[in-house]
Amino acid sequence: MSKQRQIGEVILNLQNISLAFGGVKALTDISFDVKEHEIRAIIGPNGAGKSSMLNVINGVYHPQQGDITFRGEKRHAMNPTRVAHQGIARTFQNIALFKGMTVLDNIMTGRNTRMKSGLLSHALWWGPARNEEIAHRKRVEEVIDFLEIQHIRKTPVGRLPYGLQKRVELARALAAEPSLLLLDEPMAGMNVEEKQDMCRFVLDVNDQFGTTIVLIEHDMGVVMDISDRVVVLDYGKKIGDGTPDEVMANPDVIKAYLGTSH
Ligand SMILES: Nc1ncnc2c1ncn2[C@@H]1O[C@H](COP(=O)(O)OP(=O)(O)OP(=O)(O)O)[C@@H](O)[C@H]1O
Ligand SMILES: [Mg+2]
């Protein structure tokens, strides 16, 4: 049985975010917040600006306008590495793993932001680096157990079916011990069983580690089932924000969805 989660204070606040690529307005004046421990979904038709929003949170894109506040601190032009050091990890819409490397080694790359010893001492396997490596391995093994992928830990990622690759990508993100996890369509392209597994893992991560999750998802059943609050984008604008029931009853949302194939 899952524990009763305590949704906390706002930890991420996006205010009046606008982002354009040349003439393309990807995001227009978008504001919403994310509270500690919640599962916050971002939905919307193709091209609505969902991935762009995640890239703004992640520090990959720099909005021309707006403010981002994370844990009370306003962000000034931050790059993805600095964002990662703040405890924000993510997965990508198109799986971003090293296909020739094993599952284990891929997940180990998730520890990079937490490695203190220099590369040279790692290469020589000396004192502090050795102890550090053992600690990193331990965390990685915990994640492997948690996501039930022991049996594939030595398999090159490129040989795995798509659903398992998605799970390995989640593992890599979790290895960083994030407090905020950004998932860009973690269930896209999966069969029903794989989706159910992924839903369970997302809920378990949220429940057992208390990780706050921002999730982009097209499957409305999944969104209704697992998210606490939903923000709806359409053509780069926010057209809805609230509980799953609230947004599904929102006429603007219904209109946007009837006009597309979703
Ligand atoms: N790097 C970029 N350069 C130019 N245009 C971009 C870039 N990234 C996104 N866009 C444009 O911004 C708009 C929003 O794209 P985005 O990928 O954020 O949508 P999305 O909601 O994630 O769509 P999908 O459901 O298809 O993944 C689109 O018009 C897209 O072409
Ligand atoms: Mg996208």
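The legends below describe several views of a predicted model, moving from the whole protein to smaller regions.

**View 1. The whole protein, its extent and its secondary structure.** The protein in this predicted model contains ten helices and ten strands. Along its principal axes, the C-alpha trace spans about 60 × 40 × 40 Å. The radius of gyration is 19 Å, which agrees with the value near 18 Å that a compact globule of 262 residues would have. Of the 262 residues, 36% are buried. When contacts between residues at least 6 apart in sequence are considered, 70% of them join residues that are at least 24 apart.

**View 2. The two domains and the contact between them.** The domain assignment divides the protein into domain 1, made of residues 1-87 together with 178-262, and domain 2, made of residues 103-176. The C-alpha centres of domain 1 and domain 2 lie 26 Å apart, and the contact takes twelve residues from domain 1 and ten residues from domain 2. On the side of domain 1 that touches domain 2, helix H2 (80-85) and helix H7 (192-209) each supply at least two residues, and the largest share, four residues, comes from H7. Sorted by class, this side of domain 1 has eight nonpolar, three polar and one charged residues.

**View 3. An open sheet of four strands.** The strands of this open sheet follow the order S2-S1-S4-S5, and their pairing is antiparallel. Its edge strands are S2 and strand S5 (73-74), each of which pairs on one side only. Strands of a sheet pair through backbone hydrogen bonds, either parallel or antiparallel. Strand S1 (residues 10-21) is joined to strand S4 (residues 65-70) by five bridges, and these two strands run antiparallel. Two residue pairs can be used to follow this pairing: Leu-12 has Phe-70 as its bridge partner in S4, while the bridge partner of Ser-18 in S4 is Gln-65.

**View 4. The hairpin of S1 and S2.** Strands S1 and S2 run antiparallel and are joined by eight bridges. Together S1 and S2 form a hairpin with two residues between them, and in the turn Gly-22 has a positive phi of about 60°. A residue pair that can be located in this view is Leu-19, which stands opposite Leu-27 in S2.

**View 5. Glu-73 in an edge strand.** Glu-73 is found in strand S5, which is one of the edge strands of the open sheet. Glu-73 is exposed, because 9 other C-beta atoms lie within 10 Å and a residue counts as exposed if that number is 12 or fewer. Although Glu-73 and Asn-13 are 60 residues apart in sequence, their C-alpha atoms are 9.8 Å apart in space.

**View 6. The residues around ligand 1.** Ligand 1 is surrounded by residues that include Phe-21, Val-24, Ala-26 and Gln-93, together with Gly-44, Asn-46, Gly-47, Ala-48, Gly-49, Lys-50, Ser-51 and Ser-52. The elements that give two or more residues to this shell are strand S2 (24-35) and helix H1 (50-58), and H1 gives the most, with three residues. By class, the shell around ligand 1 has four nonpolar, seven polar and one charged residues. Strand S2, one of the elements that contribute to the shell, is also an edge strand of the open sheet shown in View 3.

How values were computed: Residues numbered from 1 in each chain as written. Chains lettered and ligands numbered in written order. Predicted model: local features only at pLDDT ≥ 70, side-chain atom pairs only at ≥ 80, totals over all residues. Near = placed C-beta within 6 Å. Nonpolar A, V, L, I, M, F, W, Y, C, P; charged D, E, K, R; others polar. Pairing = 2+ DSSP bridges. Rg over C-alpha atoms; globule rule 2.2 N^0.38 Å. Buried ≥ 20, exposed ≤ 12 C-beta atoms within 10 Å, placed from the backbone. Contact = placed C-beta atoms within 7 Å. Domains from an automatic or database assignment.
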